[in-house]
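Student: Could you take me on a close look at the empty space enclosed inside this protein? I would like to know what lines it.

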Amino acid sequence: MNQLQAVRELGQSIWLDYIRRDLIAGGKLRRMVADGLRGMTSNPTIFHKAITESNEYDAAIRAILKKEPEIDTQTLYERLAIEDIRMTADILRPVYEASNRVDGMVSLEVSPRLAYDAEGTLAEARRLWGLVNRPNLMIKVPATTEGIPAVAALLGEGININVTLMFSMKHYEDVARAYISGIEKSDSPAAITSVASFFVSRVDTYVDRELEKIGTDEALALRGKAAIANTRLVYRRFQEIFHGEEFAVQKKRGARVQRPLWGSTSTKNPAYPDVLYVEELIGPDTVNTLPPETIDAFCDHGKVSSTLGSGLPEAEKALNDLNKGIDLDAITEQLQKDGVKAFADSFEKLLGSLEEKRKA
């Protein structure tokens, strides 16, 4: 049994945080699925790298421009992205069916230009859902103040949602409530699949920088502890909500839990183990989405054991100690804003690069 399958035995699904035409068309994705990969996520940064840093899409771009020379650049991007998403969804469809619609999902993000526009997000999500036309699609919506009501409305309409860019307990609780509120309005809650994407390593990156500014022995001893502690306490809250009274009525209606998805789980600090945010966050009813290099590292030397439910007193103490010197709430709010901006910047760069390819 390989690492991906061993993790699955403990109730966690490993998804791939990456998309590229040669991966899909060349057969590698099918092989990864056969080895235990359970789904895929994408975002504007991933598409930017895939489309602009290779010539794999040039033939497709030429074919589209030959038929529609006046097509606008954003529509051109959508054509390329939707083709990738559809092909991926079709490869993952057997996993979707075999898992009773729990896994086998692929995510496509609404335009990051709409992160603070609730009505725009609703319209864009509905449009993309119709264009892709695959039951195992998830539309990604950011957990901004404006995104949360859009999430509830879309779930009520039966659209699968991946709620993204969460960094704090408040973000998570808002998303969980939006999920329950949304499926309450659905006539078929059992048909809806949703994940709550909670970002991990970026918390350590930001917090460690602040601790180094403080520079005391006590502060420096807390480096590398914030992200895992933060995530473990969110997982405990997930268990309280979805295995307690708050979700009991919807569970009786056939609704499935909204699994936490751990995102940003590649190690950014070379001083930390390369699979730190994989090994320390394994537990039932969760997803971890990993870039290819982290999957390779984990399959090569990762240790598999159920770790999410352990160390809760230590996690509480770590966050309490951190809050004595830094403002974690302010940091996590800033991280969400930074995440929105990073995706928006990647999206604008992608459109600019595509415009240059058009001219060429």
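Tutor: Happy to; here is a walk through the cavities and their linings. This is a predicted model, in which local features need pLDDT of at least 70 and side-chain atom pairs count only at pLDDT 80 or more, while totals for chains, interfaces and linings use all residues. Residues are numbered from 1 along each chain as its sequence is written, and side-chain values use heavy atoms, with hydrogens and water left out.

A cavity here is a set of points, on a 1 Å grid over the protein atoms alone, where a 1.4 Å probe fits but cannot get out; its lining residues have an atom within 4 Å of a point. Points are joined across faces, edges and corners, and the volume is the space filled by probe spheres set on them.

Two cavities reach 30 Å³ or more. The largest has a volume of about 110 Å³. Its lining has 14 residues, with Tyr77, Glu109, Ser111, Glu124 and Leu128 nearest the centre. Helix H6 (73–98), strand S3 (105–109) and helix H7 (118–132) each give two or more residues to this lining, and H6 gives the most, five. (Helices, H or I of at least four residues, and strands, E of at least two, are DSSP runs numbered from the N terminus.) By type, the lining splits into nine nonpolar, two polar and three charged residues; nonpolar means Ala, Val, Leu, Ile, Met, Phe, Trp, Tyr, Cys and Pro, charged means Asp, Glu, Lys and Arg, and the others, Gly among them, are polar.

The second largest cavity has a volume of about 50 Å³. Its lining includes Glu109, Ser111, Pro142, Leu165 and Phe343, and divides into eight nonpolar, one polar and one charged residue.

Definitions and conventions:
1 Å grid on protein atoms, 1.4 Å probe; cavity = no way out; pocket = protein on both sides within 12 Å on 5 of 7 lines; lining within 4 Å.
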